[in-house]
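Here's a quick briefing to read with the model open on your screen. Grab a coffee and click through the residues as they come up.

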Amino acid sequence: MRAVILAAGYGTRMGEKPKGLIKVAGRELIYRTMKNLMKFGISEFIIVTNERYEQLYRDFVNAHGFNAKVVVNPNPERGNGYSLHMAKDHVKGKFVLVMSDHVYEEKFYEIAVKGEGLIADRRPKFVDIEEATKVVVRDGRVVEIGKEIRNWDALDTGFFVLDDSIFQVTERLAREKDVVELRDVVKEAKLRVTFVDGLFWMDVDTPEDLRKAKRLIVYTSVKGVGDGFVSRYLNRKISTRISALLVDKITPDQMTVITFLFGLFSALVNLVSVPLAGILYQLSSILDGVDGEIARARMQTSKFGGFFDSILDRYVDFSFLLTLAYVSIREQIWWVIAGIAMFSSAMVSYSTERFKGAYCADAYKVIPTLRKVPGKRDERIFITMVFALLGWIKPLFLLLAIWSTLRVAITIYLVKTTVSQ
């Protein structure tokens with residue numbers, strides 16, 4: 001299936017820049033649209049732009065290797081409905097229509113591409129309703145559309161799933177009117193409506209919209225599964241705000257290295273002050289989420305990135321617990337317990353990573369019960385900080401030894417009883 005992307009506006013409120021090529025959270029708006037659509041079966045793109053921006057979009061397509069054709073609307077002043085009409089010779093059958101200046105979360109695409117007609121939102125959470133285009137729906141079709149409607153049923157999300165019969169409508173309107181807006185086409189065609197409610201989407205019309213979009217993209221770029229209790233209710237509240245500040249300034253790999261060095265520094269601080277080291281270790285746990293958030297926000301996730309981060313985390317954890325034992329323990333038996341704590345703590349992460357290697361799947365997705373079992377890295381680090389502040393070092397190692405070993409045993413049991421051979 002193909003997608004038509006309308007990009008013929010002059011972006012007057014954005015300094016007369018092509019809005020589709022403006023970067024938000026490290027990626028062009030149109031790049032986000034195209035990459036996300038490709039995940040859900042869109043293989044070819046038609047970008048309708050104006051003469052001024054034609055070469056810029058051609059350069060963009062060539063630079064990223066997209067299977068895309070750039071079509072020029074010689075009269076962009078005739079409206080975005082006329083821009084749609086310019087695509088009539090380039091698409092056949094069913095196609096997606098979307099605006100170049102909109103952003104959507106991945107779940108939105110997943111649902112929307114299966115819909116029909118205008119994709120509308122009855123529970124908008126992220127847009128200025130006063131500025132949004134409203135629709136009135138009767139019997140599943142649009143009967144009224146516009147910004148000034150007071151009693152509306154849903155908002156127009158700027159996403160459509162159409163077929164080439166729509167060009168009969170654009171042809172007629174193009175003959176009858178000098179300016180053909182998309183809302184004219186929608187109303188004339190009485191498009192069916194598919195509701196995708198409450199998910200993140202917005203259009204980017206102003207610099208303030210751009211800043212808001214960056215924040216929201218980062219905030220919606222946390223892990224889908226796998227976070228522990230501490231990450232969900234504490235760490236992510238802080239890390240996402242750090243990520244929003246850094247996403248345009250630093251790469252995920254650079255952030256991984258910075259977090260690793262900070263974690264090693266927290267381990268060395270044990271030689272000076274155990275309570276301070278515990279606090280820094282917890283801060284390193286918060287920072288540990290930033291590289292992944294930046295990677296997802298910038299659409300730069302990679303298998304190597306996850307692999308690299310996981311290895312460095314094990315070095316940080318072992319270094320911290322080893323230096324903590326070095327400054328706090330003298331008795332041989334407690335060194336044995338500390339050794340078990342270090343080993344079993346590493347085995348918690350190893351058990352889920354080994355599952356991925358053996359079954360080629362995320363353990364937390366395949367075995368949802370595992371998400372509820374305490375003992376993930378963020379939870380262990382937070383407990384380590386608390387015990388370090390209280391000076392309870394030997395009880396900490398005893399707890400980690402028992403807790404981590406028990407979690408590994410539960411993981412083995414769940415894999416054995418849940419996953420087919």
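**A buried aspartate and its partner**

Asp-197 has a relative accessibility of 16%, so this residue counts as buried. Keep in mind that you're looking at a predicted model. Asp-197 makes a good starting point, as its side chain meets that of Arg-122 in a salt bridge, at 2.7 Å from N to O.

- The salt bridge ties together distant parts of the chain, with Asp-197 and Arg-122 sitting 75 residues apart.
- Asp-197 is in the loop between β12 (193-195) and β13 (201-203), while Arg-122 is in the loop between β8 (117-121) and β9 (134-138).
- Is Arg-122 buried, exposed or partly exposed? Its relative accessibility is 43%, so Arg-122 counts as partly exposed.

**Other salt bridges**

- How many salt bridges does the structure hold? The count is 24.
- As a bit of background, side chains of opposite charge can pair when their charged atoms come close.
- Over in helix α5 (residues 166-176), you'll find both Glu-171 and Arg-175, placed 4 residues apart, or about one turn of the helix.
- Glu-171 and Arg-175 form a salt bridge, and their closest N and O atoms are 3.9 Å apart.
- Glu-171 has a relative accessible area of 32%, so this residue is partly exposed.
- Arg-175 reaches 61% relative accessibility, so this one counts as exposed.
- Helix α12 (residues 303-328) has a pair of its own: Arg-314 and Asp-317 are about one helical turn apart because they are separated by 3 residues.
- The side chains of Arg-314 and Asp-317 meet in a salt bridge, with 3.8 Å from N to O.
- Which of these two is buried? Asp-317 is, at 8% relative accessibility, whereas Arg-314 is partly exposed, at 21% relative accessible area.
- The cut-off matters for Arg-314: buried means under 20% relative accessible area, and Arg-314 has 21%.
- Arg-314 and Asp-317 also belong to a network of salt bridges that links them with Asp-288, Asp-313 and Arg-377.

**Strand β1 and its neighbours**

- Strand β1 covers residues 2-7, and 5 of its 6 residues are buried, so the strand is largely enclosed by the rest of the structure.
- Which way does β1 pair with strand β4 (residues 44-49), and over how many bridges? The two run in the parallel sense over 6 bridges.
- To spot the β1 and β4 pairing on screen, look for Ile-5, which stands opposite Ile-47 in β4.
- β1 pairs with strand β6 (residues 94-99) too, in the parallel sense and over 5 bridges.
- For the β6 pairing, pick out Val-4, whose bridge partner in β6 is Leu-97.

**A nonpolar patch on the surface**

- Leu-268, Leu-271, Val-272, Phe-318, Leu-322, Tyr-326 and Trp-335 make up a nonpolar surface patch, and together they have about 740 Å² of accessible area.
- Which helix gives the most to the nonpolar patch? That's α12, with 3 residues.
- Tyr-326 is a patch member that lies in helix α12.
- Tyr-326 has 55% relative accessibility, so this side chain's residue counts as exposed.

**A buried alanine in α13**

- Ala-341 sits in helix α13, and its relative accessible area is 0%, so the residue is buried.
- What does Ala-341 touch, leaving aside its neighbours within four places in sequence? Its contacts are Phe-397, Leu-400 and Ala-401.
- Take Leu-400: it is 59 residues from Ala-341 in sequence, yet their C-alpha atoms are 5.1 Å apart in space.

**Positive phi angles outside glycine**

- Lys-190 isn't a glycine, but its phi is positive, near 50°.
- You'll find Lys-190 in the loop between α6 (182-189) and β12.
- Cys-360 also has a positive phi in a residue other than glycine, near 55°.
- Where is Cys-360 found? Look in the loop between α13 (332-359) and α14 (363-366).
- Cys-360 has a relative accessible area of 70%, so this residue is exposed.

Technical notes
Residues are numbered from 1 along each chain as its sequence is written. This is a predicted model: local features need pLDDT of at least 70, side-chain atom pairs count only at pLDDT 80 or more; totals for chains, interfaces and linings use all residues. Side-chain values use heavy atoms; hydrogens and water are left out. Buried means under 20% relative accessible area, exposed over 50%, partly exposed in between (1.4 Å probe, protein chains only). Two strands pair if DSSP finds at least two bridges between them. A salt bridge is a side-chain nitrogen of Lys or Arg within 4 Å of a carboxyl oxygen of Asp or Glu. Patches are made of residues with over 30% relative accessible area and no salt bridge: like charges are joined within 9 Å, nonpolar side chains (Val, Leu, Ile, Met, Phe, Trp, Tyr) within 5 Å. Accessible areas come from the Shrake-Rupley method with a 1.4 Å probe; for residues, only the protein chains shown count as cover. Contact means heavy atoms within 4.5 Å.
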